[in-house]
Amino acid sequence: MSYAIDNNQSFHSISPMFDPNEFIQLRDDGFAMCTNPMADGGLEAIMVNTGLLGENLRNFESSVKRMVLSKLFSPKFGEVILTATRLRQNEYA
């Protein structure tokens, strides 16, 4: 377990938990650059449309899930992509 000191000089543990948001860069044009958290020799990054709604969103998410199941994407990369597709959903609601 690792520890860090925050600005208040208090100690807290650094969790080794995976956070997909660390691998997403939002752009002003409605897209997000998703980088692959796994150094597996596969795809390094993918540009994701964050403005998909309704059936288009469901179809895209289903495609990503199929790619993970067929081992074209790692599960963590799939999680990054699926997280990015949902980031701006509140803006469109």
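This briefing covers the overall make-up of the chain, helix α1 and the aromatic pairs. The model is predicted. The chain holds 3 helices and 5 strands. Two aromatic pairs turn up in a search of the whole structure.

**Overall make-up**

- Read from the N terminus, the elements follow the order β-β-β-β-β-α-α-α.
- The chain has 93 residues, and 24% of them count as buried.
- The accessible surface of the chain is about 6600 Å². Carbon and sulfur atoms account for 52% of that surface.
- Take the contacts between residues at least 6 apart in sequence: 48% of these join residues at least 24 apart.

**Helix α1**

- Helix α1 covers residues 54-69, which is 16 residues.
- At 1.5 Å a residue, α1 should span 22 Å. The C-alpha atoms at its ends lie 23 Å apart, so the model agrees with the expected span.
- Three names make up the buried set of α1: Leu57, Glu61 and Val64.
- Viewed down the axis of α1, these buried residues fall within an arc of 60°, so they line one face of the helix.
- The other side of α1 carries exposed residues: Glu55, Arg58, Arg66 and Leu69.
- Note the acidic residues by position: Glu61 is buried, whereas Glu55 is exposed.
- The leucines of α1 also split, with Leu57 buried and Leu69 exposed on the other side.
- Lys71 comes just after α1 and takes a positive phi of about 65°.

**Aromatic pairs**

- The search of the whole structure gives 2 aromatic pairs. One of them is Phe18 with Phe23, and this pair is stacked.
- The ring centres of Phe18 and Phe23 are 5.7 Å apart, with 25° between the planes. Planes under 30 degrees apart count as stacked.
- Phe18 has 25% relative accessibility, so it counts as partly exposed.
- Phe23 has 21% relative accessibility, so Phe23 also counts as partly exposed. The cut-off for buried is under 20%.
- Phe73 and Phe77 pair edge-to-face, because their planes stand at 65°. Their ring centres are 5.1 Å apart.
- Phe73 and Phe77 are both buried, whereas Phe18 is partly exposed and Phe23 is partly exposed.

Note on methods: Residues are numbered from 1 along each chain as its sequence is written. This is a predicted model: local features need pLDDT of at least 70, side-chain atom pairs count only at pLDDT 80 or more; totals for chains, interfaces and linings use all residues. Side-chain values use heavy atoms; hydrogens and water are left out. Helices (H or I, at least four residues) and strands (E, at least two) are DSSP runs, numbered from the N terminus. The expected span of a helix is 1.5 Å times one less than its number of residues. Buried means under 20% relative accessible area, exposed over 50%, partly exposed in between (1.4 Å probe, protein chains only). The arc is that of the directions from the helix axis to the C-beta atoms. Contact means heavy atoms within 4.5 Å. Accessible areas come from the Shrake-Rupley method with a 1.4 Å probe; for residues, only the protein chains shown count as cover. Rings of Phe, Tyr and Trp (its six-membered ring) pair if their centres lie within 6.5 Å; planes under 30 degrees apart count as stacked, over 60 as edge-to-face and the rest as tilted.
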